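Please open the model in a viewer and keep the sequence panel visible. The stops below are given in the order in which they may be selected.

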Amino acid sequence: MSEFSEQSTDKVRLLQHLEAANLGVVRPVGDESVAIITRLSAKEEGQDYTGNILRRTCQAVGNAACQSACVRRGSPEYEENTDKLCADRNLGDSLRTMGLQPKDVLMVAVTGDDVGFGDQLEQYQETGKLKVNPEGFGELPGFNAFFARASEVPAIGSRLADCAHLEFEFKDKDGQTVIGFEHGTRPNMKGRDSYSFEVDGRSVSYTEYVLTTALRHYEADPESVRIRLSSSIRAENFVKHFDSQEAIEGHVPGWKSAGFLKNVSNPEWQPGDPVVKEDVWHADARGLILHDIQEAMAACGIPTEQFVCDDMLDPADTNGEFSSYENRHTYGDSRDLYMIAHQTAISQTVKE
């Protein structure tokens with residue numbers, strides 16, 4: 001626990017509680033929040049694990065596959081569940097294991113690039129976007145980034161695999177703590193030549209767009225911002241094949257010109273050479289998200305020392321212990337719970 005030795009006693013107890021639950025990866029974001037990535041399968045025989053929370057797998061292939069892909073080992077009470085119910089129950093069980101009440105959790109479906117805010121929940125509810133799952137947690141689609149104060153949304157979760165996941169903590173203009181996340185995914189991660197987001201008339205990365213939007217919304221001091229990159233896939237695990245220049249730009253726009261796409265089977269390949277389908281390309285999603293974070297921090301005035309990434313996870317490099325879309329043919333298509341929570345949302349349970 002040396003990583004947490006300088007934290008407050010309550011924070012240490014909280015982190016110890018979460019680690020003891022064998023959930024997966026548990027990391028502090030700032031002084032008042034924690035990030036969690038649940039473990040899909042047991043690291044050792046007899047360990048607990050959270051199970052698949054990917055609803056579409058269960059929904060698409062029915063009860064038998066739901067039992068094998070989504071149900072916790074040794075839990076016969078789930079045998080009768082069908083469709084997405086087992087995934088939702090696995091999720092609800094995971095939340096309770098970490099000390100969260102489902103009613104305190106908003107699950108954000110990362111189906112669009114809007115930036116959402118906890119102080120706009122009433123608006124989302126009026127438009128019919130915000131729903132309450134039978135398990136008790138909220139569900140909101142359409143946001144690859146979301147931010148909230150503790151009084152609005154105590155904990156924010158998403159169903160993810162492989163993609164870059166950033167967690168944020170900062171103070172609003174009144175000194176209240178705000179937490180948030182960004183889901184860095186191939187469709188919103190683009191090289192500089194293909195940036196599709198805008199700030200003050202400038203083309204910017206999605207990360208800069210998210211940070212600028214959030215800091216302005218809360219009138220936050222950039223020097224209060226803490227950022228953690230908890231997960232991102234390495235280039236050697238993100239292997240691609242293309243049959244044309246158009247296919248490259250359609251799949252990873254701007255990556256090649258920015259230096260984040262390499263032809264590893266033909267290192268002598270130069271722009272203008274034929275694109276051969278058999279060639280192996282490594283797409284450096286991790287390098288690109290790190291570039292975008294550093295560029296965004298500089299533009300927003302966030303001190304460089306307030307970014308942490310040295311212990312980030314690559315789910316594709318864990319032999320199925322965590323869900324990985326790139327390894328889905330080997331370990332099954334699945335998703336882990338990616339969570340950021342205000343410390344107060346969990347610490348009350350720990351004290352009790």
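The tour passes through strands, a pocket, a small sheet and aromatic pairs.

**Before starting**

This is a predicted model, in which local features need pLDDT of at least 70 and side-chain atom pairs count only at pLDDT 80 or more, while totals for chains, interfaces and linings use all residues. Residues are numbered from 1 along each chain as its sequence is written, and side-chain values use heavy atoms, with hydrogens and water left out.

**Stop 1: strand 16**

Select residues 336-342, which form strand 16. Helices (H or I, at least four residues) and strands (E, at least two) are DSSP runs, numbered from the N terminus. Is this strand buried or exposed? Seven of its seven residues are buried, where buried means under 20% relative accessible area, exposed over 50% and partly exposed in between (1.4 Å probe, protein chains only). Colour Asp336, Tyr338, Ile340 and His342 alike, since they point one way from strand 16, and give another colour to Leu337, Met339 and Ala341, which point the other way.

Next, add the partners of strand 16. Two strands pair if DSSP finds at least two bridges between them. Strand 2 (residues 33-38) runs antiparallel to strand 16 and is joined to it by five bridges; here Ile37 stands opposite Tyr338. Strand 6 (residues 155-160) also pairs with strand 16 in the antiparallel sense, over six bridges. Two positions mark this pairing: Ile156 has Ile340 as its bridge partner, and Leu160 stands opposite Asp336.

**Stop 2: strand 6**

Keep strand 6 selected. Six of its six residues are buried: Ala155, Gly157 and Arg159 cover one side, with Ile156, Ser158 and Leu160 on the other. Then show strand 3, which runs parallel to strand 6 and is joined to it by three bridges. Met107 has Gly157 of strand 6 as its bridge partner.

From Leu160, move to Leu54. The two residues are 106 residues apart in sequence, yet 8.4 Å apart in space, C-alpha to C-alpha. Leu54 is found in the loop between strand 2 and helix 2 and is buried, with a relative accessible area of 6%.

**Stop 3: the largest pocket**

Select Val110, Cys163, His183, Thr185 and Arg335, which lie nearest the centre of the largest pocket among its 37 lining residues. A pocket is found on a 1 Å grid over the protein atoms alone: whereas a cavity is a set of points where a 1.4 Å probe fits but cannot get out, a pocket is an open set with protein on both sides within 12 Å along at least five of seven lines, and lining residues have an atom within 4 Å of a point. The volume of the largest pocket is about 930 Å³; grid points are joined across faces, edges and corners, and a volume is the space filled by probe spheres set on the points.

Which element supplies the largest share of the lining? Strand 3 does, with six residues. Other elements that each supply at least two residues include helix 2 (55-61), strand 8 (177-184) and helix 9 (328-331). The lining divides into 18 nonpolar, eight polar and 11 charged residues; Ala, Val, Leu, Ile, Met, Phe, Trp, Tyr, Cys and Pro count as nonpolar, Asp, Glu, Lys and Arg as charged, and the others, Gly among them, as polar.

**Stop 4: a three-stranded sheet**

Select strands 12, 14 and 13, which form an open sheet in that order, with antiparallel pairing. Strand 12 and strand 13 (261-263) stand at the edges with a single partner strand each, so one side of each is left without a neighbour in the sheet. Strand 13 is joined to strand 14 (residues 281-283) by three bridges, and Asn263 has Trp281 as its bridge partner.

**Stop 5: aromatic rings**

A search of the whole structure finds 14 aromatic pairs. Rings of Phe, Tyr and Trp (its six-membered ring) pair if their centres lie within 6.5 Å; planes under 30 degrees apart count as stacked, over 60 as edge-to-face and the rest as tilted. Show Phe143 and Phe146, an edge-to-face pair at 6.0 Å centre to centre with 80° between the planes. Phe143 is buried at 2% relative accessibility, and Phe146 is buried at 0%.

Then select Phe147 and Phe170, a tilted pair at 6.0 Å centre to centre with 45° between the planes. This pair links strand 5 (residues 138-149) with strand 7 (residues 164-171), and both residues are buried. Extend the selection to Phe117, Phe168 and Tyr218, which ring pairs link with Phe147 and Phe170 into a cluster.
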